[in-house]
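Please open the model in your viewer and keep the selection panel at hand. The stops below concern aromatic rings, charged side chains and enclosed space.

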Amino acid sequence: MGQQEKVSTSLAGAVSEGISASLAPVDAELERRYPGDPGTRQPVHTVYVPGEAFAADTIRDWGGRALAALDEHAPDAASFAAVLGLADDLAEPVYTRVRAKLEREPVEDLRVDFEDGYGGRTDADEDTHAARAARLIAEAYANGTAAPYMGIRMKCMEAPVRDRGIRTLDVFLSGLMDAGGLPDGLVLTLPKVTYAEQVTAMVRLLEEFEKARGLTPGRIGFEIQIETSQSILAADGTAAVARMIDAAEGRATGLHYGTFDYSACLGVSAAYQASDHPAADHAKAVMQVAAAGTGVRVSDGSTNVLPVGPTAKVHDAWRLHYGLTRRALARAYYQGWDMHPGHIPTRYAAVFAFYREGFAQAAARLAAYANHPQALNSVRAGETPIGGDIADEPATAKALAGYLLRGLDCGALDTAEVTRLTGLTLAGLQAYAGPRRGDLTPSAK
């Protein structure tokens with residue numbers, strides 16, 4: 001036993017109490033503005049379907065068309081791996097999981113579009129299509145054929161289309177309420193947001209709907225679509241997107257990057273409008289920093305190069321889409337848009353390869369941390385850590401657990417193999433990642 005140290009202090013207890021009292025408003029502000037990630041499942045993509053085209057079999061149709069594209073252009077694991085450059089040890093597990101995903105859950109998030117993808121329609125048509133969307137989505141959740149997340153993209157809050165957008169939202173939400181209530185997976189998207197005041201207007205609109213239908217205040221959230229330069233950099237030089245998150249008063253669930261509207265807004269010529277353009281990288285980096293810690297998720301955009309036509313052309317489009325998706329995942333953009341059923345095979349291939357490539361290392365690092373949580377202290381004391389050659393911080397352990405949970409949610413990983421390599425149950429994994437409030441059932445266990 002070492003010598004007992006004498007402990008002495010010089011400050012009165014009132015000093016600490018006074019400092020705590022002075023920081024109480026800051027403590028409350030930090031908790032309000034930065035509650036952390038909600039821990040719920042995040043879909044890997046969003047599929048947009050025009051309002052007039054959405055039907056009861058849309059999800060199954062997309063899955064069938066995606067499988068047909070595989071059958072025609074990559075009928076086995078080896079051919080698919082050759083197109084995408086997958087390692088030999090990943091070829092079979094990725095291909096098998098992609099096909100299983102397309103049969104079981106081809107779409108994770110679907111938005112019935114009443115904005116750019118909808119086109120010019122009469123008011124009567126839009127009323128009808130909005131009411132039909134509500135009925136079909138309610139029926140899908142009731143009979144178990146829904147995607148985990150579904151909703152609509154309304155028109156924006158700009159003057160020429162504002163009233164129409166408000167009415168469409170009202171018709172849609174009212175239809176859901178009349179059919180039994182709002183589903184847990186409901187998601188709304190507000191496009192072309194330029195000023196924080198437009199977000200505030202959306203908040204007020206949802207407040208009024210909740211009052212009218214007796215819903216719990218704050219029940220309805222929405223995504224903010226970033227498609228204009230003014231939403232990234234305001235006239236006074238500040239990051240407008242941060243103001244928009246604050247203006248949502250806790251209702252914002254996501255920031256979705258609009259590749260083509262944003263690029264066009266900056267004058268990028270059509271041939272160079274892509275999610276890996278430097279202008280896109282800048283916008284998404286600002287979105288990412290503004291959203292960090294707020295619980296608002298960032299989604300990448302899409303590619304408009306469609307995998308259609310002869311096999312060589314399809315393969316080129318697949319390689320492009322796969323590469324863009326992998327690039328986004330490495331930059332922590334875990335969600336993107338898919339514009340065509342032919343994009344879904346490479347969406348899932350990229351996602352599954354991303355999680356399976358890093359699975360063993362992430363599991364080993366988390367297991368080492370779980371077994372030796374004080375390893376970092378040993379390193380700082382000049383000692384060799386027990387349990388591995390990487391001494392992870394608690395924050396990294398949380399990130400490792402989050403990585404594995406995202407892999408489980410989408411079906412890239414199975415609970416049994418994660419438990420085998422980490423030694424952690426699903427509950428233990430979730431404990432390291434943080435609470436998963438209001439979670440939806442993961443895709444595969």
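What follows is a tour of a predicted model, taken stop by stop.

Begin with the aromatic side chains, of which the structure holds 10 pairs. Select Tyr48 and Trp337, whose ring centres lie 4.8 Å apart and whose planes meet at 35°, so that the pair counts as tilted. Colouring by secondary structure shows how this contact bridges distant parts of the chain, since Tyr48 belongs to strand S1 (residues 45-50) and Trp337 to strand S8 (residues 336-338), with the two positions 289 residues apart. Both partners are buried: Tyr48 has a relative accessible area of 11%, and Trp337 has one of 12%.

Next, move to helix H12 (residues 344-371) and select Tyr348 and Phe352, which are four residues apart and therefore separated by about one helical turn. Their rings form a stacked pair, with 5.8 Å from centre to centre and 20° between the planes. Tyr348 is buried, as is Phe352.

For a further aromatic stop, display Phe80, Tyr95 and Trp318 together, because ring pairs link these three residues into a cluster.

Now turn to the places where an arginine lies over a ring. Select Tyr334 and Arg406, and you will find Arg406 over the face of the tyrosine ring, at 3.8 Å from the ring centre. Then select Tyr118 and Arg121, where Arg121 lies over the face of Tyr118, at 5.7 Å from the centre of the ring.

The last part of the tour concerns enclosed space. The structure holds four cavities of 30 Å³ or more, and the largest cavity has a volume of about 110 Å³. Which residues lie nearest the centre of the largest cavity? Select Asp300, Gly301, Leu324, Thr325 and Arg347, which lie nearest its centre among the 18 residues that line this cavity.

To see where the lining comes from, highlight helix H11 (311-330), strand S8 and helix H12, each of which supplies at least two of the lining residues. Helix H11 provides the largest share, with five residues. If you then colour the lining by residue type, the residues of the largest cavity divide into eight nonpolar, eight polar and two charged.

To finish, keep S8 and H12 on display, as both have appeared at earlier stops: strand S8 carries Trp337, the partner of Tyr48, helix H12 holds Tyr348 and Phe352, and each of these two elements also contributes at least two residues to the lining of the largest cavity.

Conventions:
Residues numbered from 1 in each chain as written. Predicted model: local features only at pLDDT ≥ 70, side-chain atom pairs only at ≥ 80, totals over all residues. Heavy atoms only, no water. Phe/Tyr/Trp six-rings, centres within 6.5 Å; stacked < 30°, edge-to-face > 60°. Buried < 20%, exposed > 50% of the residue type's maximum accessible area, 1.4 Å probe, protein only. Lys NZ or Arg CZ within 6 Å of the ring centre and 35° of its normal. 1 Å grid on protein atoms, 1.4 Å probe; cavity = no way out; pocket = protein on both sides within 12 Å on 5 of 7 lines; lining within 4 Å. Points joined across faces, edges and corners; volume = space filled by probe spheres on them. Nonpolar A, V, L, I, M, F, W, Y, C, P; charged D, E, K, R; others polar.
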